[in-house]
Amino acid sequence: PFHFGEGQNEKSSDQYPGDAPLTEPESRIAAQIAQKIHPKLFVAVHSGAEMIVTSPAYRKVTLDQMPKGIQKVVEYLHKEDCPSCTAGPASQVLNYLAYGCSMDYMFEQGFKNEENPTKPSQEHFSFTFETWQGDHHSFDENNKDEGDFEKEFGKENLNILKSQEKSFHDLKSKIGEDQFRCLSRFNPPPIMYEKTRAKWTKALFSTLNVVANELNNSAK
């Protein structure tokens, strides 16, 4: 509900927010939890790009204008976990402003009042991980030869992956080119699934560690 409806409201727009905020049960549950516990950290996981973004998405802000703790998290993740990612406030790295998103709502609900934090210990963290941008190439299209894949995955796992990869690409003839393109854009195929999962699991634990250190240091 945070700044809901302030953006594009045409149903043909890819930013169309729907008829009302919190229409889905899981969204209402998340909102109730936020209002009850005022979370220090929130991470939303999306796909369709490769980004590490932080609140706000609804107004223009640059990373150097953000609280120091948030800057440290973004800079650490960008350096250690995803150097190829675009990183920074959502309003800076996207080419549009986004209204009514969960990341901004959770960031604002982290405060027990409407004032901005005045001390490091009051800082709150809200991020979105965009985990997959659909740049996959199949075994046949990849520059590696099969021997390279066998070294990477092992012979037995390679045979399983090749079978899964074939099944994945066979979907194109079953669901059509457009739907398969959408599927590939938002979902890593078998050959990339484990790498993608491991990469962002590491990023999540990095986030927990850096945020915990920031909060612990600020409380001393």
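## Aromatic pairs

In this predicted model, a search of the whole structure turns up three aromatic pairs. One of them joins Phe125 and Phe127: the ring centres are 6.5 Å apart and the planes stand at 25°, so the pair counts as stacked. The cut-off behind that word is an angle under 30 degrees. Phe125 is buried, with a relative accessible area of 2%. Phe127 is also buried, at 0% relative accessibility.

Another pair is made by Phe129 and Trp200. Their ring centres are 5.3 Å apart and their planes are at 40°, so this pair is tilted. Phe129 belongs to strand E4 (residues 125–132) and Trp200 to helix H8 (residues 190–219), so the contact ties together parts that are 71 residues apart in sequence. Both Phe129 and Trp200 are buried.

## The chain as a whole

The chain has eight helices and four strands. Along the sequence they follow the pattern α-β-β-α-β-α-α-β-α-α-α-α. Of the 220 residues in the chain, 35% are buried.

## Salt bridges

Side chains of opposite charge can pair when their charged atoms come close. The count for this structure is seven salt bridges. One of these joins the side chains of Lys199 and Glu50, at 2.4 Å from N to O. Lys199 is in helix H8 and Glu50 in strand E2, so this pair links distant parts of the chain, 149 residues apart. Lys199 is partly exposed, with 25% relative accessibility, whereas Glu50 is buried, with a relative accessible area of 15%.

Helix H8 also takes part in a salt bridge between Glu214 and Lys72, at 3.3 Å from N to O. Here the partner, Lys72, is in helix H2, and the two residues are 142 apart in sequence. Glu214 is buried, with a relative accessible area of 19%; the cut-off for buried is under 20%. Lys72 is partly exposed, at 43%. Elsewhere, Glu177, Asp178 and Arg181 are linked in a network of salt bridges.

## Helix H6

Helix H6 covers residues 155–175, which is 21 residues. At 1.5 Å a residue, the expected span is 30 Å, and the end C-alpha atoms are 31 Å apart, which agrees. The buried residues of H6 are Leu158, Leu161, Glu165 and Phe168. These residues cover an arc of only 85° around the axis, which puts them on the same side of H6. The face turned away from that buried side carries the exposed residues Glu156, Lys166, Ser173 and Lys174.

Lys166 also forms a salt bridge with Asp170, with the closest N and O atoms 3.0 Å apart. The two residues are four apart in helix H6, so about one helical turn separates them. Lys166 is exposed, with a relative accessible area of 56%, while Asp170 is partly exposed, at 30%. Just after H6 comes Gly176, which has a positive phi of about 100°.

## Helix H2 and the loop before it

Helix H2 (68–80) has 13 residues. Its expected span at 1.5 Å a residue is 18 Å, and its end C-alpha atoms are 18 Å apart, which agrees. Its buried residues are Gly69, Ile70, Gln71, Val73, Val74 and Leu77.

Pro56 lies in the loop between strand E2 (49–54) and H2. The peptide bond that joins Ser55 and Pro56 is cis, with omega about 10°.

## Helix H1 and its surroundings

Ile29, Ile33 and Ile37 form a nonpolar patch on the surface. Together they have about 290 Å² of accessible area. Ile37 lies in helix H1 (residues 25–37) and is exposed, with a relative accessible area of 53%.

Two residues outside this helix have backbone angles to note. Leu22, in the segment before H1, has a phi near 55°, a positive value in a residue other than glycine. Leu22 is partly exposed, with a relative accessible area of 31%. His38, in the loop between H1 and strand E1 (41–46), has a positive phi of about 50° although it is not a glycine.

Key
Residues numbered from 1 in each chain as written. Predicted model: local features only at pLDDT ≥ 70, side-chain atom pairs only at ≥ 80, totals over all residues. Heavy atoms only, no water. Expected span 1.5 Å × (residues − 1). Buried < 20%, exposed > 50% of the residue type's maximum accessible area, 1.4 Å probe, protein only. Arc of directions from axis to C-beta. Phe/Tyr/Trp six-rings, centres within 6.5 Å; stacked < 30°, edge-to-face > 60°. Patch = residues over 30% accessible without salt bridge, like charges linked within 9 Å, V, L, I, M, F, W, Y side chains within 5 Å. Areas by Shrake-Rupley, 256 points an atom, 1.4 Å probe, with all protein chains shown as cover. Salt bridge = Lys/Arg side-chain N within 4 Å of Asp/Glu carboxyl O.
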